[in-house]
Amino acid sequence: MSEDKYKKAAQIIIKAGALPFPLNDTLVSIVKEMIEEHELDFIYAFKRKSSQTLEELLKTSKMSEEQIIKNVKSLAKKGYIFNQPNSNGVMVYRLMPLVMVGAFEYAFMKEINYSPAEKNLAELFANYFNEVGSFIQMNYDTIVPIFEKMRPFDRTLPILEKNINGSEIQIQINEELQVPEEIIVPTQRIEDLINKFDEIAVGHCFCRNHKDLLGESCKQTNLRENCFTFGKSAKYVSEQGFARLVSKEEALKIMRASENDGLVHKAFHPHSDIQKDETSICNCCKCCCGTLDWWRGGITAMINSTNYLSSIDEGLCTGCGICVEKCPVEAVHLNSENIAKVDKNICIGCGVCAHFCPENAVSLIEGMRKVYVAPPKLN
């Protein structure tokens, strides 16, 4: 009976997210590890609607207000319930998905202590992601069309300054890029994004923390506390102990340190709608980033929104290969003449190559676009 109850809860949690994740024993083990059996009935209340007011929950959960608030407080601390008011000031309780953004991210957003419980949970998630990969590969032709219809998971904010002298990276306007005329280009400068918000919180990078617990520490950076949330998301993570509130000055300092290590700014928007204000921004490395790691592992497509595309000046390029080494998505290669070339279909316009190029051979072409690259078919 208990096993069936956990399976039911796991299925509801999957439905709260957008990704086609399977229900299996490993997922049930994760839910068992994180959620108490007495909390399952509250999870069931979200079966048909993942976001509800208190009035709605009184009907769907058949619990008293006191019982509801008790469950909310408990599950919010575990990253399964988001409890913040909507734009009209009405408190809304939302069941979080497993990932993007949900229980996985919040579970590893705090500073880790390498406890047996943390390591066990990290192993369970790693096993589950491997099983998701096998599931996606087995059902590749059925699932890839689902990815093709999805909005971008994240949006790249470029690095717009050179690493060497701090001068601005050259920006070009390319008439050949097909850009929707009606789109309002969202914030592109990291300084402007930070200045938009009064409430900013920083937590630890959940991807690198997860890898640390697996004994696979990051090869690119020693930074850990550089995962940002804004507005009501910042209030949520600080209230639940996942992150701490910081000043704009400290936030910008951490962002600059992240840029110096070649990390990529990736912003997230409500429902992947880039016309809405950002909720969070990750500073992603090449080796640990979940979305990049899952893409390479055949688990998900890479679906990104960006306003830039890297461009190489062949006359200035010396073939040093720094851009090839630094590119987080392997979009740059050296041709037979030892000149760097950019794959326009893969480039996410992060500006890392331009940031580190010692010859100023890289500029950025401006124009909003969607980058979609299907997961590799490994079988």
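Author: In what follows, helices (H or I, at least four residues) and strands (E, at least two) are DSSP runs, numbered from the N terminus. The structure under discussion is a predicted model.

Reader: Which of the helices α2, α6 and α7 gives the most to the lining of the second largest pocket?

Author: The second largest pocket has a volume of about 330 Å³. Of the 16 residues that line this pocket, Met34, Ala107, Lys110, Glu118 and Leu121 are the closest to its centre. At least two residues of the lining come from each of α2 (25-34), α6 (103-107) and α7 (116-138). With three residues, the helix that gives the most is α7.

Reader: How many residues of the lining of the second largest pocket are charged?

Author: For this division, Asp, Glu, Lys and Arg count as charged. The lining contains eight nonpolar residues and two polar ones. The number of charged residues is six.

Reader: In the open sheet of three strands, which are the edge strands?

Author: The order of this sheet is β1-β3-β2, and its pairing is antiparallel. Strand β3 (residues 91-95) pairs with β1 (residues 51-52) over two bridges, and five bridges join β3 to β2 (residues 81-85). An edge strand pairs on one side only, and the strands in that position are β1 and β2.

Reader: In β3, which residue is the bridge partner of Phe82?

Author: Strands β2 and β3 run antiparallel. Within this pair, Gln84 stands opposite Val92. On the other side of the sheet order, Gln52 has Tyr93 of β3 as its bridge partner. For Phe82, the partner in β3 is Arg94.

Reader: Which residue takes a positive phi in the hairpin of β2 and β3?

Author: This hairpin has five residues between its strands. The phi in question is near 85 degrees, and the residue that takes this value is Gly89.

Reader: What angle does the direction of helix α5 make with that of β2?

Author: Helix α5 (residues 65-76) packs on the sheet of order β1-β3-β2. The strands touched by α5 are β2 and β3. With the direction of β2, the direction of α5 makes an angle of about 110 degrees.

Reader: Which residue is joined to Val101 by a cis peptide bond?

Author: Val101 is located in the loop between β3 and α6. The cis bond that precedes it in the sequence has an omega of about -20 degrees. The residue on the other side of that bond is Met100.

Reader: Is Met100 buried, partly exposed or exposed?

Author: Met100 also belongs to the loop between β3 and α6, and its phi is near 55 degrees, a positive value in a residue other than glycine. A residue is buried under 20% relative accessible area and exposed over 50%. The relative accessible area of Met100 is 24%, and therefore Met100 is partly exposed.

Reader: What is the relative accessible area of Tyr114?

Author: Tyr114 has its place in the loop between α6 and α7. Although Tyr114 is not a glycine, its phi is positive, at about 60 degrees. Tyr114 is partly exposed, and its relative accessible area is 40%.

Reader: Why does Ile339 count as buried?

Author: Ile339 is in the loop between β12 (332-334) and β13 (340-342). Leaving aside residues up to four places away in sequence, Ile339 touches Glu314, Cys317, His333 and Leu334. The limit for a buried residue is under 20% relative accessible area. Ile339 counts as buried because its relative accessibility is 13%.

Reader: In the open sheet of nine strands, what is the average twist from one strand to the next?

Author: The strand order is β5-β14-β11-β4-β9-β10-β7-β6-β8, and the pairing is mixed. Strands β5 (171-173) and β8 (243-246) lie at the edges, each pairing on one side only. From one strand to the next, the twist averages 35 degrees.

Reader: At what angle to β7 does helix α11 run?

Author: Strand β7 (residues 227-230) pairs with β6 (residues 200-203) in the antiparallel sense over four bridges. Within this pair, Gly203 has Cys227 of β7 as its bridge partner. Helix α11 (residues 231-239) lies across β6, β7 and β8. Relative to β7, α11 runs at about 120 degrees.

Methods
Residues numbered from 1 in each chain as written. Predicted model: local features only at pLDDT ≥ 70, side-chain atom pairs only at ≥ 80, totals over all residues. Heavy atoms only, no water. Pairing = 2+ DSSP bridges. Axes fitted to C-alpha atoms, helices over the stretch in contact; angles between N-to-C directions. Contact = heavy atoms within 4.5 Å. 1 Å grid on protein atoms, 1.4 Å probe; cavity = no way out; pocket = protein on both sides within 12 Å on 5 of 7 lines; lining within 4 Å. Points joined across faces, edges and corners; volume = space filled by probe spheres on them. Buried < 20%, exposed > 50% of the residue type's maximum accessible area, 1.4 Å probe, protein only.
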